[in-house]
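Me: I'm in my first year and still learning how to read a protein model. Could you pick out the salt bridges, take a close look at them, and then show me what surrounds them?

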Amino acid sequence: MNWKFFSLLFLFFLFGLFPRLNAADFPTNKNLKVLIDSGEYFQFKEDFQKQLHASPHGKKVSNDDFYYYSWYYFLFNKSPESNLAIETLLAKKEINLSDSIVAELLELHFQNDFRLFDYKKADSICTILLFRYSSAMEKETLDGIRNTGAITAALKNTPAQTVERKEALDISFKRDMASLIRIPVNINAQNGNFILDTGANLSTLSESEAKKMGVKILDVNFAVASSSRSSVPSKLGVANILKIGNVTFRNVVFIILPDKSLSFIGGAYKIKGIIGLPVIAQLGEIQIHKNKHLISPIQQTESDLQNLGLNGNTPFANVNYFGSYHPYIFDTGAATGILGNKFYYTYQDSLKKNKNGTSHIGGAGGSEKISIIKIKQLHYEFANQKGHLKNASIQVSGSSKAVANYYGIVGEDIFMQWNTMTINFDQMFVLLK
């Protein structure tokens, strides 16, 4: 089996892949709407900021502005501000919003609430979407909400995840056979070594590891889609205490997957646990050093860069190939990045001399054989640094859920080229040094 890349457990809840909903007459600025719908989030941000700066001083905030503020704050990790903009717009009686726009705004609110660990509010909004706006949504969206409704219903009485720390975090880590970072953790006084994965929407445990660590299993069953074709029947668990070094997290939600779904290459590579985005982001900033140290400082780094975004619990970064920047999923759980259909169609004139081939993409539920285009010496610009990949792959067949509306996934084959990678979720930037 030719594992050319190993996009490991790129877990998605279906609510992270909802298609955007359209309305005929609102918002009136269709150019910004097109950028959102097409996933050009950094261009949207730039154009929206220009529009705001060009507005006359003291100009009243328009209904269009409230709509785009909802998206702007949502995409760049300002969930309370996004919710305020949504609630302000929905409360306006002088504007008659279509059901599709209301449903879209409620979906953003729902994802903000989940990101804020306010599961009870997320569940109430999910209920409203299902009972009042189901006819305004596409089937894929509705199916996703129903799937997620089972999750929020199970979590609605779960307290919010919290973090306790007094000093900087500084721990050593190891890289496994897939070149992925494994960090020491402690759950309910049981030790483990788990993968550090920004591409995992929630943290994950195998069934046997969850049982060993005394994680509370909730009475809920749902489906998780992964980077492979399969959709995996899953459970949900909550760990009372998770410790990473001198940092303590409480009420951490885990996806619980069958052991066989976390076993790869004929059992030669197994995963017991993954630390996902909600835990990583709550640290505020992490620094991954080439000398195999993971640091989370108390005094955060300052930077003018704003090259990181967050769509639900999926981080994306602004990366330049062939002279233009576009959003790519930012995934420390992918040993090798993968480029997608949007990349291929945008740059196909520059790719004619490259060879075709096949590879396998792995994730929860197994693997999928796909067709790829092999690229040699692909140059990139990311985080104010320039570099190149000796080998890269474009996926041209198979399930495209992992890449979704992005140009691809950037992974450890880029990150490992640098001495230090700083990821800041409060100011939303990535630095490479």
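Reply: Let's start with the term itself: a salt bridge here is a side-chain nitrogen of Lys or Arg within 4 Å of a carboxyl oxygen of Asp or Glu. Keep in mind that this is a predicted model. A search of the whole structure turns up 11 salt bridges.

Take the pair Lys-33 and Glu-104. Their closest N and O atoms are 3.1 Å apart, which counts as a salt bridge because the cut-off is 4 Å. Now look at where the two partners sit: Lys-33 is in helix H1 (residues 30-37), while Glu-104 is in helix H5 (residues 99-115). They are 71 residues apart, so this pair links distant parts of the chain. Are these two charged partners buried or exposed? Lys-33 has a relative accessibility of 6%, so it counts as buried. Glu-104 is buried too, with a relative accessible area of 0%. The cut-off behind both calls is that buried means under 20%.

Next come two pairs that stay inside one helix. Lys-50 forms a salt bridge with Glu-46, with 3.2 Å between the closest N and O atoms. Why might these two be placed to meet? They are 4 residues apart in helix H2 (residues 41-54), so about one helical turn separates them. Glu-46 is partly exposed, at a relative accessible area of 38%.

The other local pair is Glu-209 and Lys-212, whose side chains meet in a salt bridge at 3.8 Å, N to O. Here the partners are 3 residues apart in helix H8 (residues 207-212), again separated by about one helical turn. The two ends of this bridge fall into separate classes: Glu-209 counts as buried at 4% relative accessibility, whereas Lys-212 counts as partly exposed at 44%. Back at the long-range pair, salt bridges that share partners join Lys-33, Asp-37 and Glu-104 into one network.

Helix H2 is worth a second visit, this time for its rings. The structure holds 30 aromatic pairs. One of them is Phe-44 with Phe-48: the ring centres are 5.8 Å apart and the planes meet at 5 degrees, so the pair is stacked. Both residues lie in helix H2, 4 residues apart, about one turn of the helix. Phe-44 is buried, with a relative accessible area of 0%, and Phe-48 counts as buried at 0% as well. For a contrast in geometry, try Tyr-321 and Tyr-328: their ring centres are 5.3 Å apart and their planes are at 70 degrees, so this pair is edge-to-face. Both of these tyrosines are buried.

That brings us to the nonpolar core. In soluble globular proteins, nonpolar side chains tend to be buried together. The largest core in this model has 61 residues, and Tyr-321 is among the members that touch the most others, along with Ile-183, Ile-244, Phe-330, Phe-343 and Phe-382. Leaving out residues up to four places away in sequence, Phe-343 touches several residues, including Tyr-321, Tyr-328, Leu-351 and Tyr-407. There is also a second, separate core of 42 residues, which includes Leu-89, Phe-110, Ala-122 and Val-403.

Two single residues are good practice for tracing neighbours. Leu-242 sits in strand E9 (residues 231-244) and is buried, with a relative accessible area of 0%. Among the residues that Leu-242 touches, beyond those up to four places away in sequence, are Val-185, Ile-187, Phe-249 and Val-279. Val-279 is 37 residues from Leu-242 along the chain, and their C-alpha atoms are separated by 9.5 Å. Asn-83, in helix H4 (residues 79-90), counts as buried at 7% relative accessibility. With its neighbours within four places set aside, Asn-83 is in contact with His-109, Asn-112, Asp-113 and Leu-116.

Finally, find the open sheet. It is formed by 5 strands in the order E2-E15-E14-E24-E25, with antiparallel pairing. Strand E2 (169-172) and strand E25 (429-432) are the edge strands, each pairing on one side only. From one strand to the next, the twist averages 15 degrees. Within the sheet, strand E14 (residues 285-289) and strand E24 (residues 420-424) pair over 5 bridges, and His-289 stands opposite Thr-420 in E24.

Conventions: Residues numbered from 1 in each chain as written. Predicted model: local features only at pLDDT ≥ 70, side-chain atom pairs only at ≥ 80, totals over all residues. Heavy atoms only, no water. Pairing = 2+ DSSP bridges. Axes fitted to C-alpha atoms, helices over the stretch in contact; angles between N-to-C directions. Core = buried A, V, L, I, M, F, W, Y, C linked by side-chain atoms within 4.5 Å. Buried < 20%, exposed > 50% of the residue type's maximum accessible area, 1.4 Å probe, protein only. Contact = heavy atoms within 4.5 Å. Phe/Tyr/Trp six-rings, centres within 6.5 Å; stacked < 30°, edge-to-face > 60°.
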